[in-house]
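Work through these exercises with the model open beside you. Try each task before reading its solution.

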Amino acid sequence: MTSVFTRIYERLLQEYGPQHWWPADTPFEVMVGAVLTQAASWSNVERAIANLREASLLSPAALRRVPQEELAILLRPSGYFNAKARKLKALVDYLGDRFDDDLGRMSEQDVASLREDLLSVHGIGEETADDIILYAVGRPSFVIDAYTRRVFSRLGLSPEKGSYATYQRLFEDALPRDPVLYGEYHALIVRHGKYVCKKRPLCQDCCLREVCPTGERILAGGECPG
């Protein structure tokens, strides 16, 4: 039987089409973007990545060589640039020590072990680790972000305990363990959360309104719970 999560995915895909995520040229660029997008808009992350590209610094070895203070200046558009320079330094040290910069070797680890390793690196939390595993390594680990929590809470599908792990388990229990599906689904949720299911939702424009109790209530004249 098709799960409600699959039906929601199909509606989002029909509405928006494939999103072609993650926007990057290499797996390492995905990793850099996953760190820089913390508390930053993607347009600002792109500016910081463009600075790194212009300075020929989009490789682990190059980032290890550049002084942290110089790196921070290049990362300024992404905000919190001193902290993010330190996080990128920690990431590339990990990649060198653990994989000798051979990023293809990351896919040889099982997902749970790789995730545990990544979470031990300074500045990498659950969402960033899952971004790296899913979009850079190509392994199935569903990404949970603020858009996911908002959209699925309004749909009445949030777990009783709203931790990252319980949200992730909801999706991974309901869907095939397919990294392409996971990546597309997450990208569609972000698209929907940014442009329709916003803090003040545009329920009249929502492709999920027929299955959304919150939208039904708002369109009937009720208040949005946020």
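A salt bridge is a side-chain nitrogen of Lys or Arg within 4 Å of a carboxyl oxygen of Asp or Glu. The model used here is predicted.

**Exercise 1. Test the pair R115 and D130 against the salt-bridge cut-off, then place both residues in the fold.**

Step 1. Take the distance. The closest N and O atoms of R115 and D130 are 2.8 Å apart.

Step 2. Apply the cut-off. The limit is 4 Å, and R115 forms a salt bridge with D130.

Step 3. Locate the partners. R115 lies in helix α7. D130 belongs to helix α8, residues 126-136. The two are 15 residues apart, and the pair links distant parts of the chain.

Step 4. Check burial. Both R115 and D130 are buried.

**Exercise 2. Describe the surroundings of Q168.**

Step 1. Find the residue. Q168 sits in helix α10, which covers residues 164-174.

Step 2. Classify its accessibility. Buried means under 20% relative accessible area. Q168 has 10% relative accessibility, so Q168 counts as buried.

Step 3. List the contacts. Leaving out residues up to four places away in sequence, Q168 touches R115, D130, S141, F142 and I144.

Step 4. Look for a polar contact. The side chains of Q168 and D130 make one at 3.0 Å. D130 is also the salt-bridge partner of R115.

**Exercise 3. Which residues are linked with E29 in a network of salt bridges?**

Step 1. Name the members. D25 and R53 are linked with E29 in the network.

Step 2. Examine one bridge. The E29 and R53 side chains meet at 2.9 Å, N to O. This pair joins helix α2 (residues 27-36), which holds E29, to helix α3 (residues 42-54), which holds R53. The separation is 24 residues.

Step 3. Judge each end. E29 has a relative accessible area of 8%, so E29 is buried. R53 has 39% relative accessibility and therefore counts as partly exposed.

**Exercise 4. Is D101 buried or partly exposed, and where does its partner R64 lie?**

Step 1. Confirm the pairing. D101 and R64 meet through their side chains in a salt bridge of 2.4 Å, N to O.

Step 2. Place both ends. D101 is in the loop between α6 (81-99) and α7 (111-119). R64 is in helix α4, residues 60-65. They lie 37 residues apart.

Step 3. Classify. D101 is partly exposed, with a relative accessible area of 25%. R64, at 30% relative accessibility, is partly exposed as well.

**Exercise 5. How many salt bridges does a search of the whole structure find?**

Solution. The search finds eight. Among them are E29 with R53, D101 with R64 and R115 with D130.

Definitions and conventions:
Residues numbered from 1 in each chain as written. Predicted model: local features only at pLDDT ≥ 70, side-chain atom pairs only at ≥ 80, totals over all residues. Heavy atoms only, no water. Helix = DSSP H or I, 4+ residues; strand = E, 2+ residues; numbered from the N terminus. Buried < 20%, exposed > 50% of the residue type's maximum accessible area, 1.4 Å probe, protein only. Polar contact = N/O pair within 3.5 Å; in protein donor to acceptor, adjacent residues only side chain to side chain. Contact = heavy atoms within 4.5 Å.
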